[in-house]
Amino acid sequence: MGEERIVALEDVSLTFEKGKIYCLLGTSGSGKSTLLNMLAGLEKPTKGSIIFMGKQLEKLNETQLALYRQRYVGFVFQSYNLLPTLTALENVTLPLTFRKVKKRERIKKAKVMLKAVGLAHRWRHKPSELSGGQQQRVSIARAFINDPQVVFADEPTGNLDTRTTFEMMDLIIGIARERQQTLVIVTHDTEIAQYADQVIRIKDGSVESILEQRATMPGEAVIDEPEPTNMNHETGTGGTENETIVYG
Amino acid sequence: MSNWDVLVMCLRNMFKRKLRTFLTILGVMVGTAAIVLMISLGLATEAQHRAQMEEAEMDMTMIDVRMPWDAGDWDPNLQQMVFPEGTPVLNDAMVDTFDAMANVQLASPRIRGQLFFRADPYYMQSWDITGIRAEVMQYMGLPVAEGRVLQAGDEFAVVFGANAERGFELLGSTWPDRGDRMWMWVPEGTEIPTFVDVMRAPMRMSFDRRFIQVGLDEPQPLTGGIRPIRSYNVEVVGLLEPSDWRSDRTIFMDIEVLLYLNNERIRTENEVQDEWQIWFSAIQQRPPENFEEVMVRVTDMRFTSQVAEQIREMGFDAHYPGMHLNMLVAGQRQQQQLLAAIGAISLVIAAIGIANTMIMAVYERTREIGIMKVIGAAIMDIRRLFLLESAMIGFFGGLFGVVLSLVGSFVLNNFDVPFMRPDPMLAMMGIEVGDPSLVTPWLCGLALLFAGLIGLLSGYFPARRATKLSALAAIRSE
C-alpha cells in the first residue's frame, strides 16, 4: 500500500486573480481538494511551486505557514470545524485572537461579522446549540473576519439541504463581492459553479477545462426543488443539528 | 495569542474535563504532601538536634580516647591492668600517631590525679586534677577569664576551671556538715559564694592526705605518720571562663609533674597504711607508659565522627560529647531518607499521571488543534496551551499539597500519632523532644515551585506531540 505511488495532481498551472471568484469543479477523488490544501499551505507539492504575493509557499516553514494562514487566508469547511467549547462569538474572534488583536476590538469586529451573516442574535450560543446552516454562517464569519486576501471554501454546502445551500452561497458570494475578496470554492456541484467567474474542471489530477462565465449574482439562483416544510434553519428550531459529517 | 487568552482557554479546557483535572491534581497533591511531610520530619529533627547541641554547650571537636574496658585483665598480684601481647596501648608513640592523622589539630595524653590544696582557712580535696602537656594547652581552645593557660616550663603551676574553686571547704568540715557548692547539686539560679580568690590567695598543695589535717584542733584519725608531710607552694596562673562541664570542674597542670606527684602519693599511702586511699589509688593506676586517656582535638566538628571512627578501628574507645545524640540523629536521618524516598515515588507517579492526562487531552483535542492550526494558530500558541495546562495542574496540586501537609503537620504536632512517638532512648537520655514536624516557609515555596516544574516537565512531550500534529490529518480526525 505505502509503496504505491499515487499521483493526485499533475501538470496543473493556474493563476488566480485578486477579487475574482473561482470554482474548482470535479468529482470525488479528482484532486480538487488536494489542490485547495496546497493553495492553503496545508500540504506541500512534491514538485512545482505555489506562488502567493511573490513568495513560494512550498518553501515556507511551519511557523511562516501559520503566519500566512493567519494574515492572508480564510477557510470555510464542509464540516464547519468550529471549536465546540467556544461560543459563536468566540469562534469568530479566534483568528483575531491568534493575531493578538485586543479583546474589545475583536469582539466589535466579530459582532459586525455575525450581523453580516445574520446571526447577531445567536452570538452567545455554542456550536452544538446551532443548526448546520447556522454553524456554517459562524464559520463564514470566521473566515472573513481578518480581511483575508483569499478565502478557501471546501464543499461549503456539502452538508446542507438545497434551500440552505443557496442561502449560504448567496451569503458567501455576497460578502466576497462586496469586499472584493478572492474566493476559491471547491465543489462537485455544477449549480454552485454558476456563482464563479471562472470554473476550473479537474479530472484525474489534471485541469480538464477552464471556463470563463458570467457569474450568477446573489439572489439570482433559481431553486428547482419544492420548499421543504419541516425545516426552518433560519431560526434553528429545525432538526438538523446532529448531522453526519462526511469529508471530501 | 496573548498570555491572557492562553490562560482563559487553558482554564476552559481544564474545566471541560473537571473530574479528570481534579483527579490529576489530587495525585500531585498527595505526592507533594507526602514529600513535604517527610522533609518536615527531617527538618524538625535537625532543628532539635542543633538546639540540643547549643543548649549542652558541647565542644564537639574534642575526642576522648581510652583503652577499651575489656582490653585487659586486672592482675591482683601486680595491682594493675595486664594487657595481652600485641594490644595497642596509649603510649607516647600512639599519641604521636594520633597527632599525625588528617584533620587532627593536636593529640595529648591526659591523666587524672588527686591532690590536696590549702588556702587557710579552706581546704580542697580534688579528685579531678587533669595532667596535660603544658605546651599544648594553648591549642585546646579553652577561654581564659584571668591570667593565662599553661605553657612550657610550668611545674607547680595550675589553671583553675571556672567552677573548680567550689571544691574548697572550711578546714575540719566533714561530709555531712558541708555546705556544698559543687555545681551539680546546686539548683539553678542559686547565688554561690566564693571562698577563695584563687588568683591571689596564697595556696599550698600536697599529695598527702594528712596535709589537710595539719594544725586542726581535732585531727581526724589517720594512722601511720612516720613519713613527714611534704607540701608545695602552688601558683595559680590562670582561671578559665565557663566552657564545658568537663573543663569547668577540673584543675589543669603539667602531666610530668602530676605523674611524679601521683607516684609519690601512692608511695606515701602505702607507708602510712591509708587503706582506703591505697585501694582507691590502685584502681586508678595504669601500667607505665600507658596513659589512661588521650585527648584528640579535630580541626572542625565536621570531622569529629570520622576521626573517632578511625581511632576506633585502631582498637581504642573513642568518645566525644554528643556522640550518642549524633548516632541517634544519624539513625533517624536514615529512616527519614527512606520515607522521603517513598514520598518522591508518589510524586513521580503523580508526574506520570499528569503526562497521561495531557496525552489524553492531546488525543481528545486533535481535531481542535487541527482547526486552530488551520485558522492561524502559531506552533508556540499550541505549545503554550498545553504546557500551561500541565504546569497549572502541577502548581495547583502543589498548592493543595502544601495545604494538606500543613494540616498533616498540625495533626502530627498536636495529636498523639502512634508511630510518631519519640524514641524512648531520647527520654532516657533526658533530652526533651519537640514537635516531630516542621514545615518552614521556604519548604512550602520550594514544594510549589517543584510541583509546577514537574507539571511543566510532564507536559513537555504531550505538548510536543500536539505541535507536531499535521493540521490536515488532525482536522480530518474524529
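In this predicted model, B:R110 sits opposite B:E293, a residue of strand β13 in chain B. That pair belongs to a longer run of pairing: strand β4 of chain B, residues 104-119, is joined to β13(B) by 6 bridges, and the two run antiparallel. Strand β1 of chain B, covering residues 62-66, also pairs with β13(B), this time through 4 bridges and again in antiparallel fashion. Here B:I63 has B:V296 as its bridge partner in β13(B).

So how much of β13(B) is covered? Counting along residues 293-298, 6 of its 6 residues turn out to be buried. In a regular strand, side chains take turns pointing to one face of the sheet and then the other. For β13(B), B:E293, B:M295 and B:R297 lie on one side, with B:V294, B:V296 and B:V298 on the other. Both of these faces are covered, and the residues on each are all buried.

Moving on to the helices, a packed pair is described by two things, namely the angle between the axes and the distance between them. Helix α8 of chain B (residues 323-364) and helix α10 of chain B (residues 379-414) pack at about 145°, and their axes are 10 Å apart. The crossing of α8(B) past α10(B) is right-handed. On the α8(B) side, the residues that meet the partner helix are B:I354, B:T357, B:M358, B:A361 and B:V362. Facing them from α10(B) are B:F386, B:E389, B:S390, B:I393 and B:G394. Sorted by type, the residues of this contact come to 6 nonpolar, 3 polar and 1 charged.

B:F386 shows up again in the largest nonpolar core, a set of 69 residues. Along with B:F386, the residues with the most contacts inside that core are A:F75, A:L94, A:F152 and B:M372. Take A:F152: setting aside neighbours within four places in sequence, its contacts are A:L36, A:L39, A:A40, A:Y68, A:V73, A:G74, A:F75, A:V76 and A:V184. There is also a second, separate core of 55 residues, whose members include B:I63, B:M94, B:V95 and B:L115. B:I63 is thus both a core residue and the bridge partner of B:V296.

Zooming out to chain B as a whole, its secondary structure adds up to 13 helices and 14 strands. Chain B has 478 residues, and 48% of them count as buried. Among contacts in chain B with a separation of 6 or more, 80% link residues that are 24 or more positions apart.

How values were computed. Residues numbered from 1 in each chain as written. Chains lettered and ligands numbered in written order. Predicted model: local features only at pLDDT ≥ 70, side-chain atom pairs only at ≥ 80, totals over all residues. Heavy atoms only, no water. Axes fitted to C-alpha atoms, helices over the stretch in contact; angles between N-to-C directions. Left-handed = near helix turned anticlockwise from the far one by under 90°. Contact = heavy atoms within 4.5 Å. Nonpolar A, V, L, I, M, F, W, Y, C, P; charged D, E, K, R; others polar. Core = buried A, V, L, I, M, F, W, Y, C linked by side-chain atoms within 4.5 Å. Buried < 20%, exposed > 50% of the residue type's maximum accessible area, 1.4 Å probe, protein only. Pairing = 2+ DSSP bridges.
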